[in-house]
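Here are some friendly notes to read alongside the model. Keep the structure open and look up each residue as you go.

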Amino acid sequence: MTTGPHRLRLAVVGVGDVAQRDYLPHAHRIADVAEIVMVCGRGGDRAKEVAGRLGVARWAAGYRQAVEADDVDAVLNLTSFEAHAEVNLAALRAGKHVYSEKPLAPSAADAIVLRDEAAHRGLTLVCAPSIMVFPQLVAAREVVTSGWLGPIYAARAVAFGGVPPWAGYISDPSPYFRQETGPLVDVGVYPLHALAGLLGPVRKVTAMSSRTRDRFAVTDGPARGTMVPVEVDDNWQLILECGTDAESQTAIEGGTRTIASVQANFCAVAPAGPECELFGEHGTLGFDLLNVAAPLRLSAGHGWTEQQVAHERDSGPDHILGVRHLAECVLSGMQPLLDPDPAIHVLEVLEAARASAREGRAVEVPTRSGQALHQNATVREMAGE
Amino acid sequence: MSDVVRLGVVGAGALTQRAILPHLTQEDVHDSVQVRAVCDPVAERAEDVARRFGVPRVFSRVGDLVSAGEADAVTIASPIGLHSEHGRLALEAGLHVHFNKTMSTTVDEADVLIDTAAARGLKIVASPGEGLRPQLRRTRQLIEQGAIGKLSWAVCGVAFGRYHESEEPERLQPRAGGPIDPSWYFRRPGGGPMYDMAAYALHGLTSVLGAARRVTALSGKVLPLRQFMGRTVSVDVDDNTIVLLEMADDALAVVHGTAAGTILEDFGAACYFGTEGEIRGLLLNGEPFDFPGRELTLDAPTWDWEAQMRVLPHVVGPHRHIPESHVFEDIMQLVDAIRYGTPTPVTAQQARHVIDIIESAYRAAETGVRQEIRTVFHLPAVGL
């Protein structure tokens, strides 16, 4: 538990691509609430190098020392996805708060175990993507609740994953192309968090998928020159029915559901247009899911107006906001907005999408997600303030 | 050269008044096609329209029109749910047929029309002739040439918003016969944005990528009531549908046909995404791409649908200034086919395939089960 009154003491576990691209370069921005006291990597070399670069005294190979250290309050779990659940569980059992990169665990059922473990121990568990506190999502939510769009009938979103080989990627990309991952898990979670957060939870999914390549040669990073087999479909298209019940606050009059299309792939270039669009009776709202620097785009017919949104990071996803959120919640005792329920809900949607694509039928998302609906509504309330 | 094609017009509603008769009564087509009759169950409307456009004969029943010996061909501009029946009557009477979209609402109906025409040696042209447009032919060529790498997915779609209730001038300025009732757009069979607006997107998509193989969809109704000139119209058809298609070569496509929501401002246009680039309407990786006749469109924004149609082969002279010239083009495709035997890419087989997609999508949404698309059509070589 927290011992220092002022700053949360973090151990960073995992120093691969996402850590070095999206988290560590921005750690100074949360120095008022958190300090990194230890850096851990799968091997020790990269951890040592990163620790030296950041001026952090301690580094270690593996995650055990981070979990067991008395002077660590929270674990920042930036490991490769297959290690997420193990590190998360070990950290929680050792009494550490946790910020986990997505997904929390390989399945919704496993994620629920983690949620319950955290709740049982009175620990804070925050899961990426913290997209609902990204500034453009906060601004989008304000447009939705203002009523300017009118009832929202339909939406579409694109999750950009990039075509392999990912030039400049500094870790081994092969885990992203295994059967249990692929673009759905890696990037599909962004539109799903956004749409469920803005429109209400996903109730039904129908999906198709395809595999556009068998393998690719890695050109950068430690796996350079190796051939990665593509074991998972790399082209996904989902159609969702989202929405709240009639008695709840809803974007649609009378509790009617919104339908939305969601694309997630590792086989196409980034779209030139907005990554997400909400189609209301009176207008359309477009925004980017990841790039915090992209303006909102609004249209009530022909032509668009742009609305700039204040942002701290120059461009790209501002994941450090989620870590700040963890630190602020732990230090103040505040209930986290980014608690695990939306992440669990998204895992359920992913499982439904896989079943739909495999079996050729529409799949209902378990009603247990009604809890996520409630939580999402809370996120929306507080994020909008 | 064959004689002038004598044409009957089935339906004297908004499209006939706005486009079909204004185009076909221009001097420049008198040597190839002449409108000899117009038919509408609202007799005063048919008579008023005939008087205004100089059409010699007026009928109130399609059966009477097609058996009167006044026409070699008809254009079907009745409500979509009646297209199949009216087209069948014409074919059985030995007349060639142009269908405004969509040709029918079911594959079974489309089969009957195609078989009847074949058995009698008659020609069908079924709008919308998106495959004629140089813009889409060039799009297809760019994709086939690898301009965006390997195609991964596409998205398109069109919403009808409140167009039919509150934006069509012919309905809002009623003449003889009273207001032109749009209620059928919200009723079965044939109502909803899929058969209406999204048909353009589907014809465009399949003109670029060829036939779809499988389909799934989610669909619902969001506006139970609509208003037309102070009257309430109840909606008994889905008005909010998203369709997911499996295309050839591992590509996926999604089609929005919803009460609100325009995928691109360019009507019916699509985005195509590949491993190395994107085509977004008339932009290749953000830059306009060239196509035959593009210079004719440059004084208007790309969302100006009418301006984009100036590039069609028959849309010359006065036709560039009359609305819905794509409908005129499709009718002239039939006229040329009758007179010269000229083949056209605006085929009944492609229309049937689009109808198959829509009908199967609704079935998938209703049953929750992905559907196989059983119809195919031949996509002619690009030949720009």
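1. Let's begin with helix H9 (residues 198-209) of chain B. At 1.5 Å a residue, its 12 residues should span 16 Å, and its end C-alpha atoms are indeed 16 Å apart, so expectation and model agree. The expected span is 1.5 Å times one less than the number of residues. Helices (H or I, at least four residues) and strands (E, at least two) are DSSP runs, numbered from the N terminus.

2. A word on the source. This is a predicted model, in which local features need pLDDT of at least 70 and side-chain atom pairs count only at pLDDT 80 or more, while totals for chains, interfaces and linings use all residues. Residues are numbered from 1 along each chain as its sequence is written, and chains are lettered from A and ligands numbered from 1 in the order in which they are written.

3. Is H9(B) enclosed or open? Because 12 of its 12 residues are buried, H9(B) is largely enclosed by the rest of the structure. Buried means that 20 or more other C-beta atoms, placed from the backbone, lie within 10 Å of a residue's own (exposed: 12 or fewer; partly exposed: in between). Among the buried residues are Tyr200(B), His203(B) and Leu209(B).

4. What covers the buried residues of H9(B)? The cover includes helix H6 (134-144), strands E7 (151-157), E12 (252-258) and E13 (270-274), and H12 of chain B. Just after H9(B) comes Gly210(B), with a positive phi near 85°.

5. Now step back to the whole of chain B, which has 12 helices and 17 strands. A compact globule of 384 residues would have a radius of gyration near 21 Å, and chain B agrees with its 20 Å. That radius is taken over C-alpha atoms, and the globule rule is 2.2 Å times the number of residues to the power 0.38. Of the 384 residues in chain B, 56% count as buried.

6. Next, the largest nonpolar core: it has 235 residues, and those with the most contacts inside it include Val12(A), Val39(A) and Ala154(B). Such a core is a set of buried Ala, Val, Leu, Ile, Met, Phe, Trp, Tyr and Cys residues joined through C-beta atoms within 7 Å. Helix H12 (residues 348-367) of chain B gives the most to this core, with 10 residues.

7. Finally, look where the chains meet: 36 residues of chain B and 34 residues of chain A take part in the contact. Two residues are in contact if their C-beta atoms, placed from the backbone, lie within 7 Å. Strands E7 and E12 are among the elements that each supply at least two residues to the side of chain B that touches chain A.
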